[in-house]
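This report describes helix packing and selected residues in a protein model. The model is shown first.

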Amino acid sequence: MSTTKDKGGSSGSRGGAERPLWSFPADGNSDWGVPTEIPGWAQSPAASQAPAPEQAPGPPESKPAFGERSGFAGRSGARTSPRSAGGGSWGSGGRSTRQGSKRAAPRAPRARAKKEDADLEPVILSDEQYATKGRAILLRQLTASAKSRAQLKTKLLEKEIPEHVAEELLDRFEEIALVDDEAFAEGWVRSRARSRGLARSAIRRELRDKGIEGDMAETALEQIDEDAEEATARDLVERKLRAPSMGLDREKSVRRLVGMLARKGYSPGQAFRIVNAAWEERFNGDDE
């Protein structure tokens, strides 16, 4: 087999080690000669320094014509069956997945514009603005039900109204008679004694919880004297004794009724005396 001349490469450079043996074209060209000929430089020492054939670059990736596809329409290789896993979305030479496509990119979660409470600067209001806010709070509270000054102050402080502003507001509301602890205490005593049948000791505790005690509380409790208190307790017991089952077991019935009066603030001695007298009168002294 004849050898070709040591021609330069297609780029015009001198033939030599820069043109490795595996780059000899199978279809031949004007630079290398016909396929049956071996380039002359392959016999030279420089050719032994050329890269090994294993390092030869692979064939160029062929691009399919528009409209040509090997997989199912609209599906990528990542979503097709195993037999079509080798094919791409738009032909054998295309991508096997939609990894590089815009639609297949993982969506980043939408960032919500949430600011931490620590990052928020506190809103500082003027005394006039606090007063406007406090007046609205007081009017809402008093519209719902009557309340003592202590209750209203507690509510204002819970709503972050400064204490000096709260005191000024309450003073003003007392001047116009919208806040009146004496009237509140008297109304509370009448209501709790009539609707719940509470004794004075129980009502006194409730007034203390609402910030009313001392002479103001005692003055309001004067509406209930001992006779009125005992009459209320007796009425409670008689209503319970209307049930026929209360006469079956006196000891059990008395124990239940005394416990009821004790929860309403009556003393044990007073409760036992009232319950026994009412039971005797109701069931004619029958101990069954």
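Arg 200 is partly exposed in this predicted model, with a relative accessible area of 23%. A value of 23% falls between the limits of 20% for buried and 50% for exposed, which is why the intermediate class applies to Arg 200. The residue belongs to helix 5, which spans residues 200-209. Leaving aside residues up to four places away in sequence, Arg 200 touches Leu 221, Ile 224, Asp 225, Glu 226 and Glu 229. For Glu 229, the separation along the chain is 29 residues, and its C-alpha atom lies 7.7 Å from that of Arg 200.

**Overall make-up**

The protein has nine helices and zero strands, so the order of elements from the N terminus reads α-α-α-α-α-α-α-α-α. Of its 288 residues, 30% count as buried. Among contacts between residues at least 6 apart in sequence, 52% join residues at least 24 apart.

**Helix 7 and helix 9**

Glu 229, already named as a contact of Arg 200, also takes part in the packing of helix 7 (residues 226-240) against helix 9. The axes of helix 7 and helix 9 are 10 Å apart and make an angle of about 50°. The two helices are therefore oblique to each other. Their crossing is right-handed. From helix 7, the contact involves Glu 229, Glu 230, Ala 233, Arg 234 and Val 237; from helix 9, it involves Gln 270, Arg 273, Ile 274, Val 275, Ala 277, Ala 278 and Glu 281. Sorted by class, these residues are six nonpolar, one polar and five charged.

Helix 9 covers residues 268-283 and also holds Trp 279 and Phe 283, four residues apart, or about one turn of the helix. The structure holds two aromatic pairs. One of them is formed by Trp 279 and Phe 283, with 5.0 Å from centre to centre and 45° between the planes, a tilted arrangement. Trp 279 counts as buried because its relative accessibility is 0%. Phe 283 is buried as well, at a relative accessible area of 19%, a value under the 20% limit.

**Helix 3 and its neighbours**

Helix 3 (residues 163-175) and helix 1 (residues 127-144) have axes that come within 10 Å and cross at roughly 50°. That angle makes helix 1 oblique to helix 3. The crossing of helix 1 with helix 3 is right-handed. On the helix 1 side, the residues in contact are Asp 127, Tyr 130, Ala 131, Gly 134, Arg 135, Leu 138, Leu 139 and Leu 142, and they meet His 164, Val 165, Leu 169, Leu 170 and Phe 173 of helix 3. This contact contains nine nonpolar, two polar and two charged residues.

Glu 128 also lies in helix 1 and is exposed, with a relative accessible area of 63%. Its C-alpha atom is 8.8 Å from that of Val 165, although Glu 128 and Val 165 are 37 residues apart along the chain.

Helix 2 also packs against helix 3, at an angle of about 145° and with the axes 10 Å apart. This crossing is right-handed too. Arg 149, Leu 152, Lys 153, Leu 156 and Leu 157 of helix 2 make the contact with Glu 163, Ala 166, Glu 167, Leu 170, Asp 171 and Glu 174 of helix 3. By class, the residues of the contact between helix 2 and helix 3 are five nonpolar, no polar and six charged. Leu 170 thus appears in the contacts of helix 3 with both helix 1 and helix 2.

**Positive phi in the loops beside helix 3**

Two residues other than glycine have a positive phi: Glu 160 and Ala 177. Glu 160 is in the loop between helix 2 (149-158) and helix 3, while Ala 177 is in the loop between helix 3 and helix 4 (181-195). The table gives their values.

| Residue | Phi | Relative accessible area | Class |
|---|---|---|---|
| Glu 160 | near 65° | 60% | exposed |
| Ala 177 | about 65° | 56% | exposed |

Which side of the 50% limit explains the class of these residues? Glu 160 at 60% is over the limit and so counts as exposed, and Ala 177 at 56% is exposed because its value is also over 50%.

Technical notes:
Residues are numbered from 1 along each chain as its sequence is written. This is a predicted model: local features need pLDDT of at least 70, side-chain atom pairs count only at pLDDT 80 or more; totals for chains, interfaces and linings use all residues. Side-chain values use heavy atoms; hydrogens and water are left out. Axes are lines fitted to C-alpha atoms, for helices over the stretch in contact, and angles run from 0 to 180 degrees between N-to-C directions. Angles under 35 degrees count as roughly parallel, over 145 as roughly antiparallel, 65 to 115 as roughly perpendicular and the rest as oblique. A crossing is left-handed if the near helix is turned anticlockwise from the far one by less than a right angle, and right-handed if clockwise. Contact means heavy atoms within 4.5 Å. Ala, Val, Leu, Ile, Met, Phe, Trp, Tyr, Cys and Pro count as nonpolar, Asp, Glu, Lys and Arg as charged, and the others, Gly among them, as polar. Rings of Phe, Tyr and Trp (its six-membered ring) pair if their centres lie within 6.5 Å; planes under 30 degrees apart count as stacked, over 60 as edge-to-face and the rest as tilted. Buried means under 20% relative accessible area, exposed over 50%, partly exposed in between (1.4 Å probe, protein chains only).
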